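Okay, everyone, let's get going. I'll put the structure up, and then we'll walk through it together.

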Amino acid sequence: MKHNIKRTIGLIVLAALVIAAAILGVRVAGLVELTRIEMNTTPTPVPPTRNVMQVTIDPSAPTPQPVLRSGSQGEEVRQLQERLQQLGYYTSAVDGQFGPGTRNAVIAFQSQHGLAADGIVGEGTKAVLYSDAAQPKPTAPPTQVPTAVPEIAPAWVRSDGMPLLVNRDNPMPQGYQHMELVDMSSYCPGSIVKIKYSGTQAERVAVDALISMLKAAHTQGVTVWQVSAAYRGESYQQQLFDQQVQEYIDNNGLSYANAVSATRKTVLEPGYSEHHTGLAFDITVPGVAFKGTEQAEWLAANCWDYGFIIRYTEDKQEVTGILPEPWHIRYVGVEHSIPMHRQNLCLEEYIAVYGSN
């Protein structure tokens, strides 16, 4: 009897398990079917991508060009000359060579348009030059032209094309004629440079280059400049020479002969001084020894780009015979100052190397 009861209970349990399995199978099958349907109706998600900006380059846009300055050459210099010529600032040959004529034309354009008149064509100058804002060169009022103009070479050039050399072995040429001495006190802007002594004169071409150079220095924050000496006549040079000789005799107890020898290292005798040319300047800072000042450092680094050289340097003392004078600059023109600077040649060496050419 008990055995029959257990068997009946087992059959009931088994039947229940079969029924539960059947129900579960139906549900699993339903879930599988729902998953299949969902996959067919929902697109597969795409992995996120980086947001990359698409840049389209305009093929007609000009390619950025380097700065143009003295010594540059090529097609862009040719285009520069053509543009300056169209505006009336440049009158020389369009040859693709950035020489003194091109630089002077650039300076004139920059001055006319309120730009830094440094003769260097950077992006700022280019932007104005090639825009509608570029103005033609103003027409100068008519001036009376002399009936006879003497044919003389530029004031800084010898007959062989080299800069004029004046030193203890080369006096001023006989019959030398200055081109145009100007009174620096009235000619130079007082906001740019102070002229220590009223009536100081110098060749106009050198003064113009000096003004351009010091304007560039001002734009770079070097603003205190003074000219203590420029052109000197022979009588004044004799006075300075005699004065220095007497100081050596009075203060150092030297004989006359030794005093003269010592004086020649800093003051040249009349007729042999660069100051006779009107192309040399003594640059100072009021109340301060010039050597080691920011002005001295700026001149040494930049004056060559404006046609000037530091005439007497320490490393060339044996060649020049003059003690170092970081304040004494000489105008020779950029066509000479740049190669002199790059090759570390003083004026005597430069003429010795290239004078025959």
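Let's start with one side chain, Trp298. Trp298 is buried, with a relative accessible area of 7%. Before I go further, a reminder that this is a predicted model.

So who does Trp298 pair up with? The partner is Trp225, and the two rings sit edge-to-face, at 6.1 Å centre to centre and with 70° between the planes. Trp298 is in helix H9, while Trp225 is in the loop between H6 and strand S4 (226-229), so this pair ties together parts that are 73 residues apart in sequence. Trp225 counts as buried too, because its relative accessibility is 3% and the cut-off for buried is under 20%. Bring in Tyr306, and you have one aromatic cluster made of Trp225, Trp298 and Tyr306.

Now let me zoom out for a second. The chain has 357 residues, and 37% of them count as buried. In secondary structure, you're looking at 12 helices and seven strands. If you take contacts between residues at least 6 apart in sequence, 62% of those join residues at least 24 apart. And for the outside, the chain exposes about 21500 Å², with carbon and sulfur atoms supplying 56% of that.

Back inside, then. How many residues does the largest nonpolar core have? The count is 33, and the residues with the most contacts inside this core are Met184, Leu210, Met213, Trp225, Phe281, Ile283 and Phe308. You'll recognise Trp225 from the ring pair with Trp298. Which elements each supply at least two residues of this core? Those are helix H6 (204-219), strand S5 (280-284), helix H9 (294-302) and strand S7 (325-331). H6 gives the most, with nine residues.

Let's look at two of those core methionines. Met213, leaving aside neighbours within four places in sequence, is in contact with Trp298, Leu299, Cys303, Tyr306, Phe308 and Ile329. So Trp298 and Tyr306, two members of the aromatic cluster, show up in the contact list of Met213.

Met184 is the other one, and you'll find it in helix H5 (residues 184-187). Is Met184 buried or exposed? Buried, with a relative accessible area of 0%. Not counting residues up to four places away in sequence, Met184 touches Ile195, Thr200, Gln201, Ala202, Val207, Leu210, Val227, Ala230 and Phe281. Take Val207 from that list: Met184 and Val207 are 23 residues apart along the chain, and their C-alpha atoms are separated by 7.7 Å.

While we're around H6, have a look at His218, which is in that helix. Setting aside neighbours within four places in sequence, His218 is in contact with Ser191, Ile192, Thr223 and Trp225. There's Trp225 again, this time beside a histidine in the contact list. The C-alpha atoms of His218 and Val193 are separated by 9.9 Å, and those two residues are 25 apart along the chain.

Next, some more rings. The structure holds six aromatic pairs. One of them is Tyr89 with Phe109: the ring centres are 5.4 Å apart and the planes are at 85°, so that's edge-to-face. Where do the two sit? Tyr89 is in the loop between helix H2 (75-86) and helix H3 (100-112), Phe109 is in helix H3, and the pair links distant parts of the chain, 20 residues apart. Both rings belong to buried residues, with Tyr89 at 7% relative accessibility and Phe109 at 1%.

What about empty space? The count comes to one cavity of 30 Å³ or more, and the largest cavity has a volume of about 30 Å³. Its lining is made up of Asn167, Arg168, Leu268, Arg311, Tyr312, Thr320, Ile322 and Glu348.

One last stop, and it's a backbone one. Asn344 has a positive phi of about 55°, although it is not a glycine. Asn344 is in the loop between helix H11 (334-343) and helix H12 (347-354). At 45% relative accessibility, Asn344 counts as partly exposed.

If you take one picture back to the bench, make it the region around Trp225: paired edge-to-face with Trp298, clustered with Trp298 and Tyr306, and in contact with His218. Okay, that's me. Over to you.

Conventions: Residues are numbered from 1 along each chain as its sequence is written. This is a predicted model: local features need pLDDT of at least 70, side-chain atom pairs count only at pLDDT 80 or more; totals for chains, interfaces and linings use all residues. Side-chain values use heavy atoms; hydrogens and water are left out. A nonpolar core is a set of buried Ala, Val, Leu, Ile, Met, Phe, Trp, Tyr and Cys residues joined through side-chain atoms within 4.5 Å. Buried means under 20% relative accessible area, exposed over 50%, partly exposed in between (1.4 Å probe, protein chains only). Helices (H or I, at least four residues) and strands (E, at least two) are DSSP runs, numbered from the N terminus. Contact means heavy atoms within 4.5 Å. Accessible areas come from the Shrake-Rupley method with a 1.4 Å probe; for residues, only the protein chains shown count as cover. Rings of Phe, Tyr and Trp (its six-membered ring) pair if their centres lie within 6.5 Å; planes under 30 degrees apart count as stacked, over 60 as edge-to-face and the rest as tilted. On a 1 Å grid over the protein atoms alone, a cavity is a set of points where a 1.4 Å probe fits but cannot get out, and a pocket is an open set with protein on both sides within 12 Å along at least five of seven lines; lining residues have an atom within 4 Å of a point. Grid points are joined across faces, edges and corners, and a volume is the space filled by probe spheres set on the points.
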